[in-house]
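Visitor: Please take me on a close look at one part of this model, and set it against the whole before you zoom in. I work with computed structures every day, so feel free to go through the numbers.

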Amino acid sequence: MQPPNCLLISRHQRDFIFPSSLPLLDKLCGGFTLGKVIELCGPSNSGKTQICMQIAGDCLAAEQQCIIVSTRRLPSYISNLPSLHPTSFYELLSVLNSLLGQNYSLIVIDGLQSLAQSILGAENYAGQSLLTELRSVVTELTLTSLVLCTNGIVSNGAGEHIPALGRTWSTAPSVRVMMVREEGGRRILWRNYGQKFEILRQNDGQLTIQPLQ
């Protein structure tokens with residue numbers, strides 16, 4: 001019989017679930033706990049970033065440490081959230097490596113696709129190797145953190161849209177939540193096609209999620 005993995009035992013003992021202002025999303029993802037990579041995947045303006053910022057606020061409200069790694073400056077109303085802003089894929093790798101072993105319960109990586117575009121394509125043969133490196137460091141971050149990231153979508157050439165970054169990255173997320181903004185402006189998310197939810201904005205600017213009617 002193999003001895004128990006002490007690292008896994010240690011990680012399970014430190015698992016946490018911080019109170020969420022989006023309980024249906026919490027349930028859909030199986031809880032906001034250590035050891036996961038949760039990916040919100042969808043086009044621009046589908047609500048990915050706002051959900052991430054709201055969850056980061058929930059984390060801080062629970063007196064847990066979080067950090068946001070984003071390709072863009074945060075809006076003024078959430079500028080109090082601790083953040084880092086890499087401007088290239090190589091900077092992103094450097095930033096994420098610097099977070100290894102740090103005391104962050106939540107690490108948000110917002111805008112993966114925009115930084116990865118520069119390393120993908122037929123002329124960059126090292127692109128897949130760099131994506132493998134990204135997947136490895138993100139996986140290592142889950143030893144001490146929950147990682148919440150956003151990704152875009154691309155066409156698969158058959159009239160369908162699929163998550164960006166391809167097969168190399170596809171094994172990184174523990175949970176992938178798809179999001180879309182319909183023509184009328186309604187924003188929808190789902191983990192599987194049998195269970196869809198609508199994203200609504202409340203009067204105070206916070207988002208809420210309810211089953212799709």
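Guide: The protein chain exposes about 11200 Å², with carbon and sulfur atoms supplying 49% of that area. Of its 213 residues, 45% count as buried. Please keep in mind that this is a predicted model. The mean pLDDT is 84, and 87% of the residues reach 70 or more. Residues 1-14 are the stretch to treat with care: the pLDDT there is below 50, and beyond near neighbours in sequence the stretch has eight contacts in the model.

The chain holds seven helices and 11 strands. Among contacts with a separation of 6 or more, 61% join residues that lie 24 or more positions apart. The part I would like to show you closely is the sheet, together with the side chains that meet around it.

Nine strands form this open sheet, in the order 3-2-4-5-1-8-9-10-11 and with mixed pairing. Strand 3 (83-84) and strand 11 (207-211) are at the edges; each has a single partner strand, so one side of each has no neighbour in the sheet. In general, strands of a sheet pair through backbone hydrogen bonds, in either a parallel or an antiparallel sense. You can find both senses here. Strand 2 (residues 66-70) and strand 4 (residues 106-110) run parallel and are joined by five bridges, with Ile68 having Val108 as its bridge partner in strand 4.

Towards the other end of the order, the pairing is antiparallel. Strand 9 and strand 10 pair this way over five bridges, and Arg187 has Ile199 of strand 10 as its bridge partner. Strand 10 and strand 11 are also antiparallel, again over five bridges, with Glu198 standing opposite Gln210 of strand 11. The hairpin of strand 10 and strand 11 has five residues between the strands, and Gly205 takes a positive phi near 90 degrees there.

Now look at what lies across the sheet. Helix 3 (residues 48-61) lies across strands that include strand 1 (37-41), strand 5 (146-151), strand 8 (175-181), strand 9 (187-192) and strand 10 (195-201), and its angle to strand 4 is about 165 degrees.

Next come the charged pairs. As a general point, side chains of opposite charge can pair when their charged atoms come close. With a cut-off of 4 Å between nitrogen and oxygen, the count comes to three salt bridges.

Start with Arg176 and Glu39, whose closest N and O atoms are 2.4 Å apart. This pair links distant parts of the chain, since Arg176 is in strand 8 and Glu39 is in strand 1, 137 residues apart. The two partners differ in their cover: Glu39 is buried at a relative accessible area of 0%, whereas Arg176 is partly exposed at 24%.

Another of these salt bridges joins Asp110 and Arg72, at 3.5 Å from N to O. It too connects distant parts of the chain: Asp110 belongs to strand 4, and Arg72 to the loop between strand 2 and strand 3, 38 residues away. Asp110 is buried, with a relative accessible area of 3%, while Arg72 counts as partly exposed at 48%.

In the remaining pair, Glu182 meets Arg186 at 3.0 Å from N to O. Glu182 is partly exposed at 34%, and Arg186 is partly exposed at 32%.

One more residue brings us back to Arg176 and Glu39. Trp169 sits in helix 7 (residues 166-170), and with a relative accessible area of 1% it counts as buried. Leaving aside neighbours within four places in sequence, Trp169 is in contact with both Glu39 and Arg176, the two partners of the 2.4 Å salt bridge. Its other contacts are Leu112, Leu134, Arg135, Val138, Cys149, Asn151 and Ala164. In addition, Trp169 and Leu131 are 6.4 Å apart, C-alpha to C-alpha, although 38 residues separate them in sequence.

If you want one spot to keep on your screen, try the setting of Trp169: a buried side chain that touches strand residues from both sides of a salt bridge, Glu39 and Arg176.

Key:
Residues numbered from 1 in each chain as written. Predicted model: local features only at pLDDT ≥ 70, side-chain atom pairs only at ≥ 80, totals over all residues. Heavy atoms only, no water. Helix = DSSP H or I, 4+ residues; strand = E, 2+ residues; numbered from the N terminus. Buried < 20%, exposed > 50% of the residue type's maximum accessible area, 1.4 Å probe, protein only. Contact = heavy atoms within 4.5 Å. Areas by Shrake-Rupley, 256 points an atom, 1.4 Å probe, with all protein chains shown as cover. pLDDT = per-residue confidence, 0-100. Pairing = 2+ DSSP bridges. Axes fitted to C-alpha atoms, helices over the stretch in contact; angles between N-to-C directions. Salt bridge = Lys/Arg side-chain N within 4 Å of Asp/Glu carboxyl O.
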